[in-house]
Structure formats: C-alpha cells, structure tokens
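User: I should like to learn how the features of a structural model are read, one after another. Please take each in turn, giving the general idea and then the case at hand.

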Amino acid sequence: MTMLSLKLSKALAKGRAAPARPDSREELLVTLLRKRAAAHNIGAEELETLLRDQIRWALPIHHGAVND
C-alpha cells in the first residue's frame, strides 16, 4: 500500500459515518493491533510503520518501581 492509496482510503473514510469512540485504551490498542497485522499481511510497510507509532503512543506509561 502506497501513501497515495492511504490518502484515498482516508478520503473514503471521511465520507462514512464516524466510528464509535473506543470505551477504553485496551479497545483502542486492540483495534490498532488488528490494523497493524492487516497492514503487515498485505505488505504495506509505510502504513504498518504509522500504526506502530500510534500503538506506541496509545500504550500506558507507568511511573514507579521497576521489576528487578
């Protein structure tokens, strides 16, 4: 998948009803992981990279004790 096809996909998505907002961070991560897996399966490296960045952003960050 090229950036052009990604832009086309986004343009088409804008014409659809907005998807329901995830109820939790876990639901968001599940959705992103599924999309990343689909991108990997079709060889869409650029899209997979974008999704990996979004997954990193969505991961919870815990400050505190580190496991020994």
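User: What does the secondary structure of the chain come to?

Analyst: One begins with the inventory of elements and then their order. In this predicted model, the chain has 3 helices and 0 strands. Read from the N terminus, the elements run α-α-α.

User: How is the overall form of the chain to be read, and what radius of gyration does the chain have?

Analyst: The radius of gyration is set against a reference for a globule with the given number of residues. For 68 residues, a compact globule would have a value near 11 Å, whereas the chain has 15 Å. The box filled by the C-alpha atoms, taken along the principal axes, is roughly 45 × 25 × 15 Å. Buried residues account for 16% of the 68 residues. As to contacts between residues at least 6 apart in sequence, 53% join residues at least 24 apart.

User: How does one describe the packing of two helices, and at what angle do helix 2 and helix 3 cross?

Analyst: One considers the approach of the axes, the crossing angle and the handedness. Helix 2 spans residues 25–41 and helix 3 spans residues 45–58; their axes come within 9 Å and cross at roughly 160°. Helix 2 is therefore roughly antiparallel to helix 3, an angle over 145 degrees being counted in that class. The crossing of helix 2 past helix 3 is left-handed.

User: Which residues make the contact of helix 2 with helix 3, and how do they divide by character?

Analyst: Helix 2 contributes R25, L28, L29, L32, L33, K35, R36, A39 and H40, while helix 3 contributes L47, E48, L51, R52, Q54, I55 and A58. By character, the residues of this contact are 9 nonpolar, 2 polar and 5 charged.

User: Is E48 buried or exposed?

Analyst: Burial is judged from relative accessible area, with values under 20% counted as buried. E48, which is placed in helix 3, counts as buried because its relative accessibility is 9%. Apart from neighbours within four places in sequence, E48 is in contact with R36, A39 and H40. These three residues also belong to the helix 2 side of the contact with helix 3. Separation along the chain can likewise be set beside separation in space: E48 and S9 are 39 residues apart along the chain, and their C-alpha atoms are separated by 14 Å.

User: Where are T31 and T49 found, and what relative accessible area do T31 and T49 have?

Analyst: T31 is in helix 2, and T49 is in helix 3. T31 is partly exposed, since its relative accessible area is 38%. T49 is partly exposed as well, with a relative accessible area of 46%. From C-alpha to C-alpha, T31 and A58 are 11 Å apart in space and 27 residues apart in sequence. T49 and E26 are 23 residues apart in sequence, with 20 Å from C-alpha to C-alpha.

Terms used: Residues numbered from 1 in each chain as written. Predicted model: local features only at pLDDT ≥ 70, side-chain atom pairs only at ≥ 80, totals over all residues. Heavy atoms only, no water. Axes fitted to C-alpha atoms, helices over the stretch in contact; angles between N-to-C directions. Helix = DSSP H or I, 4+ residues; strand = E, 2+ residues; numbered from the N terminus. Parallel < 35°, antiparallel > 145°, perpendicular 65-115°, else oblique. Left-handed = near helix turned anticlockwise from the far one by under 90°. Contact = heavy atoms within 4.5 Å. Nonpolar A, V, L, I, M, F, W, Y, C, P; charged D, E, K, R; others polar. Rg over C-alpha atoms; globule rule 2.2 N^0.38 Å. Buried < 20%, exposed > 50% of the residue type's maximum accessible area, 1.4 Å probe, protein only.
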